[in-house]
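Welcome, and please get your viewer ready. We will go from one selection to the next, with a short note on what to look for at each stop.

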Amino acid sequence: MKNTESNGLIMRVADQHGVDGDVVLGVIREALAAAQRSEDSKAQAFWASIPEGASELEVVLRITQLLRMRKAG
């Protein structure tokens, strides 16, 4: 995986765990796919709030934003 500004966080996680960035991205994709199939009403509401066609990066950034809000609040 090429180290660019848009995937810098993925590369940091990969470095921390001693794996390639593509491995981290693959795990993120698996987690997103599982989450999208969730029947939980809160999960469904979250996915309904994501604009159609949003990139994986946009989804991850939205999740990060929500986690920070939760931690702060």
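## Stop one: a residue in helix 4

Begin by selecting glutamate 56, which is found in helix 4. Keep in mind that you are looking at a predicted model. Is glutamate 56 buried, exposed or partly exposed? Its relative accessibility is 33%, so glutamate 56 counts as partly exposed, falling between the 20% and 50% cut-offs.

Now show what surrounds this residue. Once neighbours within four places in sequence are set aside, glutamate 56 is in contact with Leu25 and Arg29. Add isoleucine 28 to the selection too: the C-alpha atoms of glutamate 56 and isoleucine 28 are separated by 8.7 Å, with their positions 28 residues apart along the chain.

## Stop two: helix 2

Next, select residues 21–36, the 16 residues of helix 2. At 1.5 Å a residue this helix should span 22 Å, and its end C-alpha atoms are indeed 22 Å apart, so the two values agree.

Colour Gly21, Val24, Leu25 and Leu32, the buried residues of helix 2. Turn the view until you look down the axis of helix 2: these buried residues fall within an arc of 95 degrees, and therefore line one face of the helix. A reminder for this view: an α-helix has 3.6 residues a turn, so residues three or four places apart point the same way.

What do the buried residues of helix 2 pack against? Bring up helix 1 (8–17), helix 3 (41–49) and helix 4 (56–72), and you have their packing partners.

Before leaving, zoom in on the N-terminal end of helix 2, which is capped by aspartate 20. One of its side-chain oxygens lies 2.8 Å from the backbone nitrogen of aspartate 22.

## Stop three: helix 1

Move to helix 1 and pick out Gly8, Ile10, Met11 and Ala14, which are buried. Viewed down the axis of helix 1, its buried residues fall within an arc of 155 degrees, so they too line one face of the helix. These buried residues pack against helix 2.

Rotate to the face turned away from that buried side, and you will find the exposed residues Arg12, Gln16 and His17. Just after helix 1, select glycine 18, which takes a positive phi of about 65 degrees.

## Last stop: an aromatic pair

How many aromatic pairs does the structure hold? There is one, formed by phenylalanine 46 and tryptophan 47 in an edge-to-face arrangement. The rings sit 4.9 Å apart, centre to centre, with 75 degrees between their planes. Both phenylalanine 46 and tryptophan 47 are buried.

Note on methods
Residues numbered from 1 in each chain as written. Predicted model: local features only at pLDDT ≥ 70, side-chain atom pairs only at ≥ 80, totals over all residues. Heavy atoms only, no water. Helix = DSSP H or I, 4+ residues; strand = E, 2+ residues; numbered from the N terminus. Expected span 1.5 Å × (residues − 1). Buried < 20%, exposed > 50% of the residue type's maximum accessible area, 1.4 Å probe, protein only. Arc of directions from axis to C-beta. Contact = heavy atoms within 4.5 Å. Polar contact = N/O pair within 3.5 Å; in protein donor to acceptor, adjacent residues only side chain to side chain. Phe/Tyr/Trp six-rings, centres within 6.5 Å; stacked < 30°, edge-to-face > 60°.
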